[in-house]
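Please look through the sequence and the structure shown below before reading the report. The aim is to give a newcomer a careful first picture of the chain.

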Amino acid sequence: MNKTRLKDNFIEMVKIYSPSKKEGNYAKYLVTLLTEMGAEIYLDNGNVKYDGDSPTIFAKFAGTVPGDGITFSAHMDVIEPNENLKVIEEGLIIKTDGTTTLGADDKGGVAAVIEAIRTIKEENIAHRDIFAIFTPAEEIGMLGAKNIDWDKVPSHMQPAKNMIVLDNSGTAGTVAHSAPSRYFVKATFSGKKAHAGIEPEKGINAILMAAEALSNMNIGRIDELTTSNFSSIKSDFPTNVVPDACEFTGEIRSHSEEKIMEIIKEYEKAIKSATEKFGGSYKLEYVCEFPVLKPLDDLKFAKEFAKIYEEMGIESKLIVIGGGSDSNIFAQKGFNSIILAVGMNNVHTVEEYMALEDLYKTTEALVKYIEKNI
């Protein structure tokens, strides 16, 4: 593994502006690079469904030995503000000047995949098929992964089911194997307008109904693996009008979709009770934004990779995480994913930075995993 090349490639990539739905230039860069490395490329154009300018990139490096291969995955989009970033190097830390994000999430993951494959090829390491999937629009609801038309992916380009997703913050050695499902929830309340100063008793205040409902809902940490949060409430009327419309929106996350449905039923009871108290009406909507991620092999794959870290002298830990990623979407298609940390820290903020030592360690672990599993 060439650490200098890995660092330089990472810096080169973060300088390519690629916010969600505008990853086109970065995708062209990656397609050119992967082609030069000898990959066969397939482009999925699911981006047209959400007006993005970048396809999902499928790359295949044919194996030199038979057997089930491995799939790497990382996403191409970054969190704003990210345009015209200024890279600052401080020893083994790479950051910005504090006015933009860095984009280590997830260009650190992409850089690790690129360098691992380069090393495997340059050192003529025997390997099974290696696939890489680079997705757009992950940060705005995994739109790239959600809109892949799997029926159109050529049979020989269908990726291996064991998947390593390089998209977790923290130190090398962290192996995430489970993540929750997330449901979006929206409650709309309908009341009755009236003049607030002359005859307020003739009105039905929708804001009061929403407040009454929220005050009787269990929100926050519900149990060890379940959370909920409501972050938006909307109603816009002059002070002299009793508001007849109000809505609030939020989310529920859990490692059990059955638990989510139980909570939704409890929420609906509180909402219905509030509207009956004031004489209004309501509409409750909810949709699954991504499903549960859980191991399909009783943690066999996760433990195999953790052992690679341990053999390198790196303390490893298997963890359950509370966030979602493309791995949740891929789980619906039968992929058995683990999510590795690549050294990104303070992600989604202008204090974001990359710890190069962790990037180097995880990249080396990818190479050792490929080398060992032939």
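The report goes from the chain as a whole to its main pocket and then to single residues.

## The chain as a whole

This is a predicted model, and every value that follows was computed from it. The chain holds 374 residues, of which 51% are buried, and its secondary structure consists of nine helices and 16 strands. Along the principal axes, the C-alpha trace spans about 85 × 45 × 40 Å.

When contacts between residues at least 6 apart in sequence are considered, 79% of them join residues at least 24 apart. The accessible surface of the chain amounts to about 16,500 Å², and carbon and sulfur atoms account for 47% of that area. The chain carries 41 positive and 56 negative charges, and the mean positions of these two groups lie 3 Å apart.

## The largest pocket

The largest pocket has a volume of about 420 Å³. Its lining is made up of 20 residues, and those closest to the centre of the pocket are D105, E138, G323, G324 and H348. Two elements, β7 (162-169) and β15 (336-345), each give two or more residues to this lining, and the largest share, three residues, comes from β7.

Two of the residues closest to the pocket centre, D105 and H348, also appear in the backbone features described next. The peptide bond from D105 to D106 is cis, with omega near 15°, and D106 has its place in helix α3, which covers residues 104-122. H348, for its part, has a phi near 70°, which is a positive value in a residue other than glycine. H348 is found in the loop between β15 and β16 (353-355), and with a relative accessible area of 44% H348 is partly exposed.

## Further backbone features

Another cis peptide bond runs from E80 to P81, with omega near -5°. P81 lies in the loop between β3 and β4, and K86 has its place in the loop between β3 (70-75) and β4 (87-90) as well. Leaving aside neighbours within four places in sequence, K86 is in contact with K95, T96 and D97. K86 and T96 are 10 residues apart in sequence, while their C-alpha atoms are 5.3 Å apart in space.

A positive phi, near 55°, is also found at D298, a residue other than glycine. D298 lies in the loop between β13 (281-290) and α7 (300-311). Because the relative accessibility of D298 is 70%, this residue counts as exposed.

## A buried strand residue

Is I57 buried or exposed? With 0% relative accessibility, I57 counts as buried, and its place is in strand β2, which is formed by residues 56-61. Not counting neighbours within four places in sequence, I57 is in contact with A27, L30, V31, L34, I41, Y42, L43, M76, A132, I133 and F134. I57 and T135 are 78 residues apart in sequence, and yet the distance between them, from C-alpha to C-alpha, is 6.5 Å.

## Two partly exposed residues

I207 has its place in helix α5, which covers residues 206-215. With 37% relative accessibility, I207 counts as partly exposed. Once residues up to four places away in sequence are set aside, I207 touches S235, P243 and C246. I207 and A302 are 95 residues apart in sequence, and their C-alpha atoms are 48 Å apart in space.

G334 is placed in the loop between α8 (326-331) and β15; β15 is also one of the elements that give two or more residues to the lining of the largest pocket. The relative accessible area of G334 is 32%, so this residue is partly exposed. Apart from neighbours within four places in sequence, G334 is in contact with K161 and L296. Between G334 and I11, which are 323 residues apart along the chain, the C-alpha atoms are separated by 34 Å.

Definitions and conventions:
Residues are numbered from 1 along each chain as its sequence is written. This is a predicted model: local features need pLDDT of at least 70, side-chain atom pairs count only at pLDDT 80 or more; totals for chains, interfaces and linings use all residues. Side-chain values use heavy atoms; hydrogens and water are left out. Helices (H or I, at least four residues) and strands (E, at least two) are DSSP runs, numbered from the N terminus. Buried means under 20% relative accessible area, exposed over 50%, partly exposed in between (1.4 Å probe, protein chains only). Contact means heavy atoms within 4.5 Å. Accessible areas come from the Shrake-Rupley method with a 1.4 Å probe; for residues, only the protein chains shown count as cover. Lys and Arg count as positive and Asp and Glu as negative; His and the chain ends are not counted. The place of a charge is taken as NZ of Lys, CZ of Arg, CG of Asp or CD of Glu. On a 1 Å grid over the protein atoms alone, a cavity is a set of points where a 1.4 Å probe fits but cannot get out, and a pocket is an open set with protein on both sides within 12 Å along at least five of seven lines; lining residues have an atom within 4 Å of a point. Grid points are joined across faces, edges and corners, and a volume is the space filled by probe spheres set on the points.
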